[in-house]
Amino acid sequence: SLSDRLTATFKNLRGKGKLTEADIDGTAREIRRALLDADVAVPVVREFIGRIKERAMGAEVSEALNPGQQVVKIVNEELVGILGGQTRELQFAKQPPTIIMLAGLQGAGKTTLAGKLAFHLKNKGHAPLLVACDLQRPNAVRQLQVGGERANVPVYAPHPGVSSEAEVPTGDPVAVARDGVATAREKLHDVVIIDTAGRLGVDSELMQQAADIKAAVGAHETLFVIDAMIGQDAVNTAQAFNEGVDFTGVVLTKLDGDARGGAALSVAQVTGKPVMYASTGEGLKDFEVFHPDRMARRILDMGDVLSLIEQAEASWDKAEAEKMAKKFADQEDFTLEDFLSQMQQLKKMGSMKKLLGMMPGAQGMRQQLDQFDDASIGRIEAIIYSMTPHERNAPKIINGSRRARIAKGSGVHVSEVNMLLERFGQAQKMMKKMAGGGMPGMPGMPGG
Ligand code: GDP
Ligand code: MG
């Protein structure tokens with residue numbers, strides 16, 4: 001399996017300590033294969049792999065992970081980012097009703113989705129109205145009405161008299177949309193969901209119709225509905241709809257099938273628009289808010305590898321935190337080495353919050369550590385690296401001439417060395433207090 005192959009790759013990489021181009025190439029090959037297996041469009045895969053290689057080459061070597069795991073971690077982060085980062089929910093208009101329009105090819109799942117979305121919003125306390133603007137396909141209006149009945153949501157359809165399945169409702173879909181929105185205003189619906197027609201292929205007449213409906217009603221959200229099984233065609237279809245109706249979000253349907261969801265990556269990368277919902281069956285409840293992190297896992301198909309990475313990182317963080325906690329408990333002297341290692345952890349994590357959360361009673365440190373941004377941590381590193389090991393372990397000996405030497409060696413002004421030593425002194429005092437159980441009432445640290 002893919003996981004086995006990757007584990008083998010990792011074994012070869014383990015212990016080298018530094019990422020080489022050959023290492024990255026090895027993992028990148030496996031990632032490329034995983035993406036192609038997931039039916040991500042070929043040009044999208046090429047661009048993605050290029051970006052990963054660039055980022056991996058510049059990445060700092062992690063102490064918690066082996067190089068192969070590190071590359072997979074970068075891949076996963078990039079994937080989640082492209083898929084929209086955080087889950088994006090609908091944006092409701094300040095002045096109701098919020099108008100949501102669905103667009104996409106025939107058979108993508110728009111009409112089915114309309115019912116599910118109405119049901120979802122109704123359960124969240126909204127009062128939606130469905131509007132039937134597919135006057136192209138026999139039985140399309142009836143299909144929406146059935147969905148509306150199931151969801152217990154009313155449907156605005158001006159042509160209820162369609163008696164036979166073969167009969168195509170007539171009328172102007174733009175006018176129906178406009179009237180539907182007017183009806184929603186009148187009857188105090190706060191959300192309008194407009195179902196539209198699609199064709200089997202991208203079609204300029206229907207695209208124009210969708211654009212006209214959107215303009216006529218001033219849709220707040222235009223959701224591009226796409227079948228996850230569309231595969232390599234995802235790019236062209238998404239591009240056409242992006243240009244045609246400039247959609248605001250994507251809904252991926254039929255994720256209950258075999259498709260691994262590569263289309264999500266293709267669409268998101270090519271259009272830059274977020275995937276918002278996933279449809280996972282024909283039932284009203286087969287619908288979920290889209291989670292980029294879960295989809296990244298599905299596309300990569302390396303859930304176990306990613307879990308391993310998370311475990312490795314968590315246990316490394318915990319070990320570091322415990323080392324530090326033990327040091328306080330032992331009342332050992334807090335040295336500049338410790339100070340530096342704290343700063344480096346802070347930099348690595350982006351925030352000290354995680355570490356502080358693991359150290360009982362350490363919350364008071366946050367205020368002090370919040371004073372340091374990445375740039376100032378870089379300067380602190382430079383200053384401490386310019387000290388001798390003896391100076392780092394016995395900072396008291398750092399007198400005026402040593403300060404001048406250190407400032408020169410690290411390319412900063414002496415005042416910065418002074419400030420660092422002052423901060424260190426404060427941190428040291430605080431550490432002693434913490435070790436003595438004196439957390440409550442910790443004095444706030446003066447800012448720099
Ligand atoms: P539209 O032409 O875009 O309106 O597509 P429809 O809503 O009519 O759906 C086309 C077909 O796909 C219907 O048979 C639906 O029941 C089916 N369908 C829609 N969404 C899903 C889904 O998430 N999973 C599965 N398995 N089938 C779906
Ligand atoms: Mg339909």
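**A walk through the sheet and its surroundings**

In strand β6, Gly-249, Val-251 and Thr-253 point one way while Val-250 and Leu-252 point the other way, and all of these residues are buried. In a regular strand, the side chains alternate between the two faces of the sheet. The structure shown here is a predicted model, and strand β6, which covers residues 249-253, is a convenient place to start reading it. Because five of the five residues of β6 are buried, this strand is largely enclosed by the rest of the structure.

From β6 the reader can step to the strands on either side. Five bridges join β5 to β6, and the two strands run parallel; within this pairing, Asp-227 stands opposite Thr-253 of β6. Strand β7 is joined to β6 by three bridges, again in a parallel arrangement, and here Val-251 has Tyr-277 of β7 as its bridge partner. For β7, too, five of the five residues are buried, so this strand is largely enclosed by the rest of the structure.

These strands belong to an open sheet of eight strands, whose order is β3-β2-β4-β1-β5-β6-β7-β8 and whose pairing is mixed. At its edges stand β3 (155-156) and β8 (287-289), each of which has a single partner strand, so that one side of each is left without a neighbour in the sheet. Strands of a sheet pair through backbone hydrogen bonds, either parallel or antiparallel. At the β3 edge, two bridges join β3 to strand β2 (residues 128-132), and the two run parallel, with Leu-130 standing opposite Val-155 in β3.

Helices pack on this sheet as well. Helix α6, made of residues 140-151, touches β2, β3 and β4 (191-195), and its direction makes about 165 degrees with that of β2. Helix α9, made of residues 234-245, touches β1 (98-103) and β5 (221-227), and its direction makes about 160 degrees with that of β5.

Just before β7, the chain passes through a loop that lies between α10 (262-271) and β7 (275-279), and Gly-272 has its place in this loop. Is Gly-272 buried or exposed? Gly-272 is exposed, because it has 10 other C-beta atoms within 10 Å. The C-alpha atom of Gly-272 is separated by 8.5 Å from that of Leu-83, although the two residues are 189 residues apart along the chain.

A UniProt record, in an unreviewed entry, lists residues 274-287 under "domain: SRP54-type proteins GTP-binding". Over residues 274-287 the chain is 0% helix and 43% strand, and the end C-alpha atoms of the stretch are 17 Å apart.

The model also contains ligand 1, which is surrounded by 17 residues, the closest being Gly-109, Lys-110, Thr-111, Thr-112 and Ser-279. Helix α5 (residues 110-123) supplies the largest share of the shell around ligand 1, namely three residues. Sorted by class, this shell has eleven polar, five charged and one nonpolar residue.

Seen as a whole, the secondary structure of the chain comes to 19 helices and eight strands. Of the 448 residues in the chain, 41% are buried. Among the contacts in the chain with a separation of 6 or more, 77% are accounted for by residues 24 or more positions apart.

Note on methods
Residues numbered from 1 in each chain as written. Chains lettered and ligands numbered in written order. Predicted model: local features only at pLDDT ≥ 70, side-chain atom pairs only at ≥ 80, totals over all residues. Helix = DSSP H or I, 4+ residues; strand = E, 2+ residues; numbered from the N terminus. Buried ≥ 20, exposed ≤ 12 C-beta atoms within 10 Å, placed from the backbone. Near = placed C-beta within 6 Å. Nonpolar A, V, L, I, M, F, W, Y, C, P; charged D, E, K, R; others polar. UniProt positions renumbered as here; feature names shortened; annotations may be inferred. Pairing = 2+ DSSP bridges. Contact = placed C-beta atoms within 7 Å. Axes fitted to C-alpha atoms, helices over the stretch in contact; angles between N-to-C directions.
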